[in-house]
Amino acid sequence: MARFFCDNAPMKFRVIIEPDEDGVFVAECPNLPGCISQGRTRAEAVANIKDAIQGYLASLKKHSEPAPLPVTEELVEVSA
C-alpha cells in the first residue's frame, strides 16, 4: 500500500545494517527496493542510508509516484 507525499511530514523506515565480509557496514531499506548504502562505520552507514532514502523519496515525488507507507512495528519479547 502506498500514499502520496505530505510536505515536511516525517517518515520512519526500517533499515537493516550488517557488516559485510570486508568489514564495511551495508545499510538497506527494505520498503524502498534498491535503496542501499554503506559506510566504514555503523554511524557512517546510517548517515549514508538517510541520504539515500531522502534521494529515493525525492525521486518518487518528482515523478509523481506514491511513497510507500512507513513501517510501524512492535518489539515482542518471548521466552524460549
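Okay, hi everyone. Two strands count as paired when DSSP finds at least two bridges between them. Keep that in mind, since β3 and β4 pair over four bridges, in the antiparallel sense. One caution before I go on: what you see above is a predicted model.

Let's stay with the sheet for a minute. Strands of a sheet pair through backbone hydrogen bonds, and they can do that parallel or antiparallel. Here three strands make an open sheet, in the order β2-β3-β4, and the pairing is antiparallel. Which strands stand at the edges? Those are β2 and β4; each has a single partner strand, so one side of each is left without a neighbour in the sheet. From one strand to the next, the twist averages 25°.

If you want to find the pairs on your screen, start with Val26, which stands opposite Gln38 in β4. Then click on Phe25. Its bridge partner in β4 is Gly39, and Phe25 is also the bridge partner of Pro19. On that other side, β2 and β3 run antiparallel and are joined by four bridges. These two strands form a hairpin, with five residues between them. Look in the turn for Gly23, which has a positive phi of about 85°.

Now for the helix, α1, residues 42-62. How do you check that its length makes sense? Count 1.5 Å a residue, and the 21 residues should span 30 Å; the end C-alpha atoms are 30 Å apart, which agrees. Just after α1 comes Ser64, with a positive phi near 55°.

Which residues of α1 are buried? They are Ala45, Ile49, Ile53, Leu57 and Leu60. Looking down the helix axis, the buried residues fall within an arc of 105°, so they line one face of α1. The general rule behind that pattern is that an α-helix has 3.6 residues a turn, so residues three or four places apart point the same way. Turn to the face pointing away from the buried side, and you meet the exposed residues Ala43, Asp51, Gln54 and Lys62.

So what covers the buried side? Among the elements doing that are β2, β3, β4 and β5. Those buried helix residues also turn up in the largest nonpolar core, which has twelve residues, including Phe13, Ile17, Ala27 and Ala67. The largest share of this core, five residues, comes from α1. Take Ile53 as an example: looking beyond residues up to four places away in sequence, Ile53 touches Phe13, Val15, Cys29, Leu32 and Cys35.

Last stop, β4. In a regular strand the side chains alternate between the two faces of the sheet. In β4, the covered face has Ser37 and Gly39, and the uncovered one has Ile36 and Gln38. Is Ser37 buried or exposed by the numbers? Buried means under 20% relative accessible area, and Ser37 has 17% relative accessibility, so Ser37 counts as buried. What is Ser37 in contact with? Leaving aside neighbours within four places in sequence, the contacts of Ser37 are Phe25, Val26, Ala27, Asn48, Ile49 and Ala52.

That's my tour, so have a go at finding these residues yourselves. Thanks!

Technical notes
Residues numbered from 1 in each chain as written. Predicted model: local features only at pLDDT ≥ 70, side-chain atom pairs only at ≥ 80, totals over all residues. Heavy atoms only, no water. Expected span 1.5 Å × (residues − 1). Buried < 20%, exposed > 50% of the residue type's maximum accessible area, 1.4 Å probe, protein only. Arc of directions from axis to C-beta. Contact = heavy atoms within 4.5 Å. Core = buried A, V, L, I, M, F, W, Y, C linked by side-chain atoms within 4.5 Å. Axes fitted to C-alpha atoms, helices over the stretch in contact; angles between N-to-C directions.
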